[in-house]
Amino acid sequence: MALRAHKKSFGYDCAYTARISNMQISKTTAQTDTCKVTTTWFGFYRVRKGSNEILDTVDLLLPKYSYESQSAWIRVPQSIKAAVEIKDFRAGLHAAGHALLNVVPLYIICHSSDLASECVNPHDTRYVPERILLYDQRPGGTGISAQVQPLFTELLTAALELLTSCCCSGDTGCPNCVQSLACHEYNEVLDKDVAVIIIKGVLEAEKSYFNGFSRVSANISGAALPCIGFPRK
Ligand SMILES: [Zn+2]
Ligand SMILES: [Zn+2]
């Protein structure tokens, strides 16, 4: 009754309700590690005021900027990458990272600018690591990604819920689900549907890994989780 009175007096429902922390935390294969964040400057577009029409491209020759930080990441099964086109996989990973960023503040007290995900440049054709990675967006790290690591499964589940419940249409989603105002690549390469496939695939892999592990550990005492190396660029 008290809750009803509260809602009536303010006349709205919360868009996002905080996830209170007496929940059961799931096991996860997510890892936390140091990382090196490098920004490369390619150039800029000269655009016409008003219409935003691109007039020309200006190349820049500036030194790269980099800093050491901390990250939390989880592996995406190779089978998911093989099941979709490579350009869609890049866009799906990008969208999944943004969706994760959008739900982190429901679990951890932080500002949306404290963390960032790996953003995809439309001209980038480098190898795409099969991972969803979030990192502290401050030199040296702030410890937020270390708090993200044990909650990775919960965050993925919440991100999936966000993606499947958002009623926007189109691959590029909306600011409620996969778009981010802080995106380093201006949300140019995003695919919401592939993000759903990727996150479902990771959650399935986590489930079967830990189901298998509990059966094995019942027979072998002292069994340890295998170490997954951190893929460096
Ligand atoms: Zn949306
Ligand atoms: Zn981005």
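**Exercise 1. The open sheet**

Work out the order in which the 4 strands of the open sheet stand, and which strands are at its edges.

*Solution.* Keep in mind as you go that this is a predicted model.

Step 1: Start with the pairs around β6. Strand β4 (residues 65-75) pairs with β6 in the antiparallel sense, over 5 bridges. Along this pair, A72 faces L134, and R75 has R131 as its bridge partner.

Step 2: Turn to β5 (residues 115-117), which is joined to β6 by 3 bridges and runs antiparallel to it. Here L115 stands opposite D136.

Step 3: Put the strands in a row. The order is β1-β4-β6-β5, with antiparallel pairing. β1 (31-39) and β5 each have a single partner strand, so these two are the edges, and one side of each has no neighbour in the sheet.

Step 4: Add the twist. On average, neighbouring strands are turned by 35° against each other, direction ignored.

**Exercise 2. A helix on the sheet**

Find which strands α3 touches where it packs on the sheet, and what angle α3 makes with β6.

*Solution.* Step 1: Look for the contacts. α3 touches β5 and β6, and its direction makes about 45° with that of β6.

Step 2: Check the helix geometry. α3 covers residues 86-103, which is 18 residues, and spans 26 Å from its first C-alpha to its last, close to the 26 Å expected at 1.5 Å a residue.

Step 3: Ask about its surroundings. Of the 18 residues of α3, 15 are buried, so the helix is largely enclosed by the rest of the structure. Strand β6 (residues 131-136) is mostly covered too, with 5 of its 6 residues buried.

**Exercise 3. The nonpolar core**

Determine how many residues the largest nonpolar core has, and which element gives the largest share of it.

*Solution.* Step 1: Count the members. The core has 47 residues, and those with the most contacts inside it are A96, A99, L100, L155, A159 and A195.

Step 2: Assign the contributions. β4, α3, β5, β6, α4 (144-148), α5 and α6 each give two or more residues. The largest share, 9 residues, comes from α3.

Step 3: Zoom in on one member. Leaving aside residues up to four places away in sequence, A96 touches I132, A159, A195, I198 and I199.

**Exercise 4. Two unusual phi values**

Decide for Y186 and N187 whether each counts as buried or exposed, and say what their phi angles are.

*Solution.* Step 1: Recall the background. Most residues other than glycine have a negative phi.

Step 2: Read the angles. Y186 is not a glycine, yet has a positive phi of about 55°. N187, also a residue other than glycine, has a positive phi near 55°.

Step 3: Locate them. Y186 sits in the loop between α5 (152-165) and α6 (192-219), and N187 lies in the loop between α5 and α6 as well.

Step 4: Apply the cut-offs, 20 or more neighbours for buried and 12 or fewer for exposed. Y186 has 12 C-beta neighbours inside 10 Å, so it counts as exposed. N187 has 20, so it counts as buried.

**Exercise 5. The whole chain**

State how many helices and strands the protein has, and what percentage of its residues are buried.

*Solution.* Step 1: The secondary structure comes to 6 helices and 6 strands, in the pattern α-β-β-β-β-α-α-β-β-α-α-α along the sequence.

Step 2: Of the 233 residues, 29% are buried.

Step 3: Among contacts between residues at least 6 apart in sequence, 73% join residues at least 24 apart.

Technical notes: Residues are numbered from 1 along each chain as its sequence is written. Chains are lettered from A and ligands numbered from 1 in the order in which they are written. This is a predicted model: local features need pLDDT of at least 70, side-chain atom pairs count only at pLDDT 80 or more; totals for chains, interfaces and linings use all residues. The expected span of a helix is 1.5 Å times one less than its number of residues. Two strands pair if DSSP finds at least two bridges between them. Axes are lines fitted to C-alpha atoms, for helices over the stretch in contact, and angles run from 0 to 180 degrees between N-to-C directions. Two residues are in contact if their C-beta atoms, placed from the backbone, lie within 7 Å. A nonpolar core is a set of buried Ala, Val, Leu, Ile, Met, Phe, Trp, Tyr and Cys residues joined through C-beta atoms within 7 Å.
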